[in-house]
Amino acid sequence: MSYFARMFLAAAVRVVVALGCCAGIWFSWKAERADSFFREDKVDSLRAAIKLVPDGWPYYMRLAQLDREHAHGLLETALNLDRYNAQAAIELALRDESEGNFSESEKLLLGAFAVDRTYVPRWTLANFYFRRDNLPAFWTWARKAAAMPTEDMGPLFELCWHVTPDAGEIAKAVLNDDRGLVRQYLSFLMDKDEMNALATVAPRLVRVGNPETDRDFLLGAVNRLVTANNGAGASVVWKSMVERRWVASDASLPNNGEFNREPLPVAFDWALPEYPGLHSWPGSSGLETEFTGEEPEGCIIAEQYVTLAPGRYSL
């Protein structure tokens, strides 16, 4: 290769590199400028961002929230730009449903689930079939939503409750062995004051749960049942905890009668109320109590709830 040819080739390479650098700078500037418009979060600024970066699907998504009149087309564009955009598919589906286009809405929601197997598409499909009064499909998707639980499953349980206020039927339809899900359902039942259902479902948490993290919660459930005068239900939950060795308990009554264990914070173990001038504790010789003379005339030293079958008893 001649000297002039080599010089020409080197110059051409430098030009190409320079053009590439300029193009990179140009596209970087456009992207940064578009993001700056996006952060302004106004209709005009979002349109300016789209003009600079026409394939920026987040810009269309946000503009659809602000420009309701053109939202449908904007969401369609966002979905066309990214067919894995489940959020765009869901928002578009909800708009189609509000306009009475139920078949297209269903198709979009199922498409969202096909690309995103997380909780939101499942929950949204359960809602869709609830609104369409398609109960078999509702229960299918409620169960699928429960299979991917979040930290707040209350809305799903509430939706199920609107279908049937039968706590047992809901448990049968959507519960699985996820301890967090079972625990949230028990909290839901306590909020609904469904004590019989609470007593029925609580042993399930004993079976699938962890005593280190769930024991205190279940002791609280036992106390709640006792407070609700549901001694039979409280006994069922307590006995399931004893059988699984989540708690220590004596076969005889009262439990922990020798005070050789630190009482648990549950109605079926000793409560040692504190009063001015009165202090009780489990000691080496059993229950030890200190009186200073300042205690009330009438006070409880120790108390424990026991459940008894109907019959005649003497103390």
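**Figure 1. The accessible surface and overall make-up of the protein.** In this predicted model, the accessible surface of the protein comes to about 18,400 Å². Carbon and sulfur atoms account for 54% of that surface. The protein has 315 residues, and 37% of them count as buried. Its secondary structure consists of 14 helices and two strands. If we take contacts between residues at least 6 apart in sequence, 47% of them join residues at least 24 apart. The views that follow visit a helix with buried residues, several salt bridges, two cysteines, a loop and a surface patch.

**Figure 2. Helix H9 and the helices it packs against.** Helix H9 covers residues 154–163. Its buried residues are Leu 156, Phe 157, Leu 159, Cys 160 and Trp 161. Which helices do the buried residues of H9 pack against? They are helix H7 (119–131), helix H8 (135–146), helix H10 (167–174) and helix H11 (179–191). Helix H7 returns in the next view, where its residue Arg 131 takes part in a salt bridge.

**Figure 3. A salt bridge between Glu 97 and Arg 131.** The structure holds eight salt bridges, and here we meet the one formed by Glu 97 and Arg 131, whose closest N and O atoms are 2.8 Å apart. Glu 97 belongs to helix H5 (residues 86–98) and Arg 131 to helix H7, so this pair ties together parts that are 34 residues apart in sequence. Measured out in the model's own geometry, the C-alpha atoms of the two residues are 10.0 Å apart in space. Are the partners buried or exposed? Glu 97 counts as buried, at 11% relative accessibility, while Arg 131 counts as partly exposed, at 39%. Leaving aside neighbours within four places in sequence, Arg 131 is in contact with Leu 94 as well as Glu 97.

**Figure 4. Asp 177 and Arg 204 meet in a salt bridge.** The side chains of these two residues come together at 4.0 Å, N to O. Asp 177 sits in the loop between H10 and H11, and Arg 204 in helix H12 (residues 195–208). The pair links distant parts of the chain, 27 residues apart. Both ends are partly exposed: the relative accessible area is 46% for Asp 177 and 24% for Arg 204.

**Figure 5. Arg 183 and Asp 214 join two helices, and a network completes the salt-bridge views.** In the salt bridge between Arg 183 and Asp 214, the closest N and O atoms are 2.8 Å apart. Arg 183 lies in helix H11 and Asp 214 in helix H13 (residues 211–227), so the pair ties together parts that are 31 residues apart in sequence. Arg 183 is partly exposed, with a relative accessible area of 26%, whereas Asp 214 is buried, with a relative accessible area of 0%. Salt bridges that share partners also join Asp 177, Arg 204 and Arg 207 into one network.

**Figure 6. A look at Cys 160 and Cys 299.** How many disulfides are there? The count comes to zero. Cys 160, one of the buried residues of helix H9, has 0% relative accessibility. Cys 299 counts as partly exposed, at 26% relative accessibility.

**Figure 7. Asn 85 in its loop.** Asn 85 is found between helix H4 (71–81) and H5, in the loop that separates them. Is this residue buried or exposed? Asn 85 is buried, with a relative accessible area of 5%. A polar atom of the Asn 85 side chain lies 3.0 Å from the backbone nitrogen of Ala 88.

**Figure 8. A nonpolar patch on the surface.** Which residues form this patch? They are Leu 253, Val 306, Leu 308 and Tyr 313, with about 410 Å² of accessible area together. Tyr 313 is found in the segment after strand S2 (286–291). At 52% relative accessibility, Tyr 313 counts as exposed, because the cut-off for exposed is over 50%.

Notes. Residues are numbered from 1 along each chain as its sequence is written. This is a predicted model: local features need pLDDT of at least 70, side-chain atom pairs count only at pLDDT 80 or more; totals for chains, interfaces and linings use all residues. Side-chain values use heavy atoms; hydrogens and water are left out. Buried means under 20% relative accessible area, exposed over 50%, partly exposed in between (1.4 Å probe, protein chains only). Helices (H or I, at least four residues) and strands (E, at least two) are DSSP runs, numbered from the N terminus. Contact means heavy atoms within 4.5 Å. A disulfide is a pair of cysteine sulfur atoms within 2.5 Å. A polar contact is a pair of N or O atoms within 3.5 Å; within protein, one must be able to donate a hydrogen and the other to accept it, and residues adjacent in sequence count only if both atoms are side-chain atoms. Patches are made of residues with over 30% relative accessible area and no salt bridge: like charges are joined within 9 Å, nonpolar side chains (Val, Leu, Ile, Met, Phe, Trp, Tyr) within 5 Å. Accessible areas come from the Shrake-Rupley method with a 1.4 Å probe; for residues, only the protein chains shown count as cover.
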